[in-house]
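Please open the model in your viewer and keep the selection panel at hand. The stops below follow one another, each with something to select and something to look for.

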Amino acid sequence: MTPQHTNSPVSSLRDWLRHLGASSRLAVARDGVRLEHELAAIAKRLDGRQAVLFPRPDGHEVSVVSGFMSRRAWIAEALGVEEAQLLPRFREAVERPVPWAEVSGPAPCQEVRHEADLDLRRLLPIPTHSEHDNGPYITAGLAIARNPDSGVQNVSIHRLQVHAPRRMAALLLPRHLQAFHRSAEGRDQALPVAIAIGVDPVTMLASQAILPIDHDELEVAGALHGTPLRVVKCLTSEVRVPADAEIIIEGRLLPHTRELEGPFGEFPRYYSERAYREVIEVDAVTHRRNPLFHTIVPAEMEHLLLGSIPREASLLSLLQRSHPRVTDVHLSVGGVGRYHLYVQFDKKREGEAKNVILAAFGAHYDIKQVVVVDTDVNVHDPAEVEWAVATRFQADRDLVVVGGAQGSVLDPSTTVGMPPGDDPSALRHQGISAKMGLDATRPVVYEAHVFTRVRIPGEDDVDPARDLRAFEASDAAHWIG
Ligand code: MN
């Protein structure tokens with residue numbers, strides 16, 4: 001079960017961009033692309049095919065980069081493993097974290113320091129992404145804070161609306177950063193927080209690990225890198241940040257302060273509504289010389305994969321605890337990397353697949369649909385999963401439906417009973433969701449060939465370099481006429 005390393009993990013964002021550039025996977029936009037919509041439109045057009053570097057957006061001297069982890073295969077490559085080893089490698093890192101190491105002396109992320117006359121939009125090229133977004137947002141910032149009770153750090157990504165020179169509004173979901181903030185707020189104190197922008201893809205992925213509170217995601221980054229992550233203390237707080245990050249914003253989550261945030265186009269490809277949210281006041285900005293500003297275009301592949309791969313790794317581990325013959329899982333792109341789970345399972349007894357479905361319903365509240373397939377079906381290929389449903393599933397006996405469960409509040413279909421006129425009492429139904437499970441496994445025992453998948457002997461051994469050549473003009477004369 002120990003994953004095979006094919007290469008070393010990539011150690012820096014700039015190394016990774018050079019590597020993408022050398023293999024035709026990094027495009028360069030024309031100078032001066034507009035930060036409002038145009039930059040995101042261009043990045044979206046190349047989503048999953050090429051990352052894009054944007055020199056001097058709106059004339060800003062800082063360049064923007066986007067889409068550098070927009071394919072599953074690229075992320076595996078950045079980690080130095082085969083794609084099939086991505087989940088086992090991530091899981092191993094979660095189970096064996098490596099503590100970070102503090103650098104002595106100057107850190108690259110603090111080469112240039114701004115502490116007076118701060119204006120985020122003057123210092124940084126912050127794009128406005130979707131049509132109805134309420135202005136510019138930082139979408140690829142790692143929010144790092146210390147638990148005020150234990151001192152252990154936490155890392156998470158939050159959308160950050162930049163609505164004043166030194167103020168950002170953040171969406172905090174009920175997870176670790178919110179718990180830290182509530183704890184500090186209970187003592188009428190601000191919570192120091194740092195936002196790291198422009199880190200390598202391995203650290204980006206590690207930041208999304210699903211861990212218990214007081215488990216530091218930067219230690220998962222160290223494990224994935226195979227070496228302690230270099231960190232440095234912030235200028236204005238005790239928070240430690242990745243020393244090799246491009247840009248650090250230092251600030252405080254204010255107590256008893258909420259300001260209007262949104263609307264903002266989110267991962268399900270719908271907008272989050274405008275509401276009062278937590279506020280970060282900025283105290284300093286530090287960065288490398290000639291820094292790169294990373295932006296993630298919401299709902300595009302970079303966003304979905306960052307969320308889905310760490311979730312897949314933890315779902316696989318969770319399901320295997322009660323069902324060791326679960327062999328692989330996938331959160332599909334069409335299911336926004338959150339809602340639709342495909343499970344590959346080595347079924348030995350009738351009925352087992354339904355138990356796996358029920359376990360998956362309980363594994364994460366976001367999961368809305370579960371399809372269980374046999375081990376001859378590749379769960380990372382939606383067409384294969386659909387084939388299994390088409391040929392191994394009957395709705396009257398293989399379907400499991402559970403109504404009235406907890407779902408995702410960002411799923412607009414969970415809003416029920418909303419009468420014309422926007423009765424606010426109807427809003428409390430949001431997030432109540434039905435769960436659907438499809439057992440698309442074949443029977444354990446079946447008559448010869450009924451469920452045998454058609455194969456052509458030798459189909460996996462064809463070598464195009466040996467067996468084929470390009471069509472030439474003379475071939476037309478010889479073979480077609
Ligand atoms: Mn955490």
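Begin with the manganese ion in this predicted model, whose donor residues follow the sequence spacing N-x21-H-x40-E. Asn-154 and His-176 sit in strand S8 (residues 153–157) and helix H6 (residues 176–186) respectively, so this pair ties together parts that are 22 residues apart in sequence. If you display the donor atoms, you should find OD1 of Asn-154, ND1 of His-176 and OE of Glu-217, lying 2.1 to 2.3 Å from the ion. Are the first two of these residues buried or exposed, if the cut-off for buried is under 20% relative accessible area? Asn-154 has 4% relative accessibility and therefore counts as buried, and His-176, at 11%, counts as buried too.

Next, select the largest nonpolar core, which holds 75 residues and in which Phe-68, Val-241, Leu-341 and Val-343 touch the most other members. Helix H9 supplies the largest share of this core, eight residues, while domain 1 (85–290) and domain 2 (323–439) each contribute at least three. A second, separate core of 40 residues can be selected afterwards, and Phe-54, Ile-138, Ile-197 and Phe-293 are among its members.

Return now to Leu-341 and show its surroundings. Leaving aside residues up to four places away in sequence, Leu-341 touches Leu-315, Leu-319, Val-329, His-330, Leu-331, Ala-360, Ile-367, Gln-369, Val-370 and Val-371.

One of those contacts, Ala-360, leads to the next stop, since it is also listed among the buried residues of helix H10. Select helix H10 (residues 352–363), whose 12 residues reach 17 Å from the first C-alpha to the last, close to the 16 Å expected at 1.5 Å a residue. Its buried residues are Glu-352, Ala-353, Val-356, Ile-357, Ala-360, Phe-361 and Ala-363. To see what these buried residues pack against, add helix H9 (301–322) together with strands S19 (326–331), S20 (340–345), S21 (369–373), S22 (399–406) and S23 (432–439).

Finish at helix H3 (residues 72–79), which is mostly covered, with six of its eight residues buried. Which residues of H3 are buried? They are Arg-72, Trp-74, Ile-75, Ala-76, Ala-78 and Leu-79. Just after H3, select Gly-80 and inspect its backbone, where phi is positive at about 80°.

Note on methods:
Residues are numbered from 1 along each chain as its sequence is written. This is a predicted model: local features need pLDDT of at least 70, side-chain atom pairs count only at pLDDT 80 or more; totals for chains, interfaces and linings use all residues. Side-chain values use heavy atoms; hydrogens and water are left out. Helices (H or I, at least four residues) and strands (E, at least two) are DSSP runs, numbered from the N terminus. The expected span of a helix is 1.5 Å times one less than its number of residues. Buried means under 20% relative accessible area, exposed over 50%, partly exposed in between (1.4 Å probe, protein chains only). Contact means heavy atoms within 4.5 Å. Donors are N, O and S atoms within 2.8 Å of the metal (3.2 Å for Na, K and Ca); water is not among the atoms, so sites may look incomplete. A nonpolar core is a set of buried Ala, Val, Leu, Ile, Met, Phe, Trp, Tyr and Cys residues joined through side-chain atoms within 4.5 Å. Domain bounds come from an automatic or database domain assignment.
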